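Student: I'd love a close look at one part of this model. Could you pick a part and walk me through it, then lead me on from there?

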Amino acid sequence: MNNSDKIGYFINQYPAVSHSFIRREILALESLGWQVSRFAIRPDRNDIVDEADKSEALLTKFIIKTSLLAFVSILIRQLLFNTIRFFKTLFFAIYFNFRTEKNLKKTLICFFEACVLSEWAEKQSIKHIHAHFGTNSSTIVMFTKRLGEVTYSFTVHGPEEFDKPETIGLKDKIKECQFVVAISSYGRSQLSRWADFSDWDKIHIVHCGLDSDFLNYQPLAIPTDPRFVCVGRLCEQKGQMLLLQAVSKLIKEGITLTLILVGDGPMREEIETYIRDHDLASHVELTGSLSGTQVRKQISLARTFVMPSFAEGLPVVIMEAFALGRPVITTYVAGIPELVKNEENGWLVPAGSVADLVDAIRSAVQASPEDLAEMGRKGRSSVLEQHSITTEAGKLSQLFSNIAGVLPDPLQAESLVDLEKARIQ
């Protein structure tokens, strides 16, 4: 394999409970012939429970684990042997800071992290780095480009990037990059909104994808028990408090149901308090963070998947629920309506509306297992068509090939990946 087949992947936190879609993307690219080096600032702050993520952690270089001596040595080498670019990039970083976030400490940290990433890329002869998320990870790869002989691209997911596009310098990042990926048509529209028209041709749609664990799965029969599951970080954005309000109203109507909340986060204490204060302990269960296998089991045991988010990109967990043959109750936000069709493969409700959420859940409780199975089948069909990781990674591979000027050899890549994994075991 020549150096043109090498690419770097850079993420703020990797591996992480919520970043399984990045792992699938990397592995699919490797199967297509790319040699992918994983770089991250840090691993997930929470304990990694998924075995696949544990394997990825062994393959990833973390900036936060760089010793003080190694870090100082890198800076000295940059000063002595890359002097002009070092200071030009530093001045650019300061200029970028005052035009955007106006947090000089954070910007300088990104600059120093870029020095580390630049040296790692040079040592591995990596000429292109792809970042996920348009926040600090793309800031770092933009600085890395200016420090060395690398180009970069990045994937924007939302909603965070679209909440503060000017603060994170989204327009500048698009102008400096080779290409930028949106995960939905909605995402592309928002990137176009903040990019110069001359940069619109850099914007491409590559969906997040599911692998064979989901695509080859044979859905279980819809249970008769009115069991619902919601998977997501326990935070304001995901709308779990709204969901609890809806469940409370339904219970008062005399409708019996069980809600499983999978995940953890900053609102766990408030959620537990609400459950206690509204006598929902016999109806609502909190599982905490679960492995991928455990999440699949929880969704498969449910009658319907629920995600009443206030803001999203296009949640991968909705794709997973569809692949498992479950209809979805969710909201009309961002890219979600591109996948979820109201009363066809699920229910779409206005974000923030308890009344509409109550109506949708009531409909799912009252629907026959046969009707729910048909909705789940339609949802699964949509996912198979739009969200296969092999297809989506193929689109990304072509974009990398356009930059590298080479199409990698899958067989050679597979042998190198196997050697690397054997080395770390």
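Tutor: Helices (H or I, at least four residues) and strands (E, at least two) are DSSP runs, and their numbering starts at the N terminus. This is a predicted model, where local features need pLDDT of at least 70 and side-chain atom pairs count only at pLDDT 80 or more, while totals for chains, interfaces and linings use all residues. Residues are numbered from 1 along each chain as its sequence is written, and side-chain values use heavy atoms, leaving out hydrogens and water.

Let's begin with helix α14, which spans residues 316–323. This helix is mostly covered, with eight of its eight residues buried; buried means under 20% relative accessible area, exposed means over 50%, and partly exposed lies in between, using a 1.4 Å probe and protein chains only. Try finding them one by one: V316, V317, I318, M319, E320, A321, F322 and A323. Just after α14 comes G325, whose phi is positive at about 80°.

Zoom in on V317 within this helix. Its relative accessible area is 12%, so V317 is buried. Setting aside residues up to four places away in sequence, V317 touches V231, I299, F305 and M307, where a contact means heavy atoms within 4.5 Å. For a sense of scale, V317 and S198 lie 119 residues apart in sequence, and their C-alpha atoms are 34 Å apart in space.

One of those partners, V231, leads us on, since strand β8 covers 227–231 and the loop between β8 and α11 holds G239. With a relative accessible area of 1%, G239 is therefore buried. Beyond its neighbours up to four places away in sequence, G239 touches P308 and F310. D264 is 25 residues from G239 along the chain, and 13 Å separates the C-alpha atoms of the two.

Now for helix α11 itself. Two packed helices are described by the angle between their axes and the distance between the axes. Helix α11 (residues 240–253) packs with helix α12 (residues 268–277) at an angle of about 10°, and their axes are 10 Å apart. Here the axes are lines fitted to C-alpha atoms over the stretch in contact, with angles running from 0 to 180 degrees between N-to-C directions. α11 and α12 are therefore roughly parallel to each other; that label is for angles under 35 degrees, with over 145 counting as roughly antiparallel, 65 to 115 as roughly perpendicular and the rest as oblique. On the α11 side you'll find Q240, M241, L244, Q245 and S248, meeting E270, I271, Y274 and I275 of α12. The residues of this contact divide into five nonpolar, three polar and one charged (Ala, Val, Leu, Ile, Met, Phe, Trp, Tyr, Cys and Pro count as nonpolar, Asp, Glu, Lys and Arg as charged, and the others, Gly among them, as polar).

Another helix to look at is α5, residues 104–123. Its 20 residues reach 29 Å from the first C-alpha to the last, close to the 28 Å expected at 1.5 Å a residue; the expected span is 1.5 Å times one less than the number of residues. Its buried residues include F111, V116, L117 and W120. After α5 comes S125, in the loop between α5 and β4 (128–132). Phi of S125 is near 55°, a positive value in a residue other than glycine. S125 is partly exposed, because its relative accessible area is 26%.

V116 and W120 also link α5 to T66, which contacts both of them and F71, leaving aside neighbours within four places in sequence. You'll find T66 in the loop between β3 and α3 (68–81). A polar atom of the T66 side chain lies 2.9 Å from the backbone oxygen of I63. This is a polar contact: a pair of N or O atoms within 3.5 Å, where within protein one must be able to donate a hydrogen and the other to accept it, and residues adjacent in sequence count only if both atoms are side-chain atoms.

Strand β3 (residues 60–62) holds T60. The T60 side chain reaches the backbone oxygen of E56 at 2.7 Å. T60 has a relative accessible area of 8%, so this residue is buried. Outside the four places on either side in sequence, T60 touches Y14, R38, F39 and A40. Finally, Y14 is joined to P15 by a cis peptide bond, with omega about -10°, and P15 sits in the loop between β1 (6–13) and α1 (20–31).
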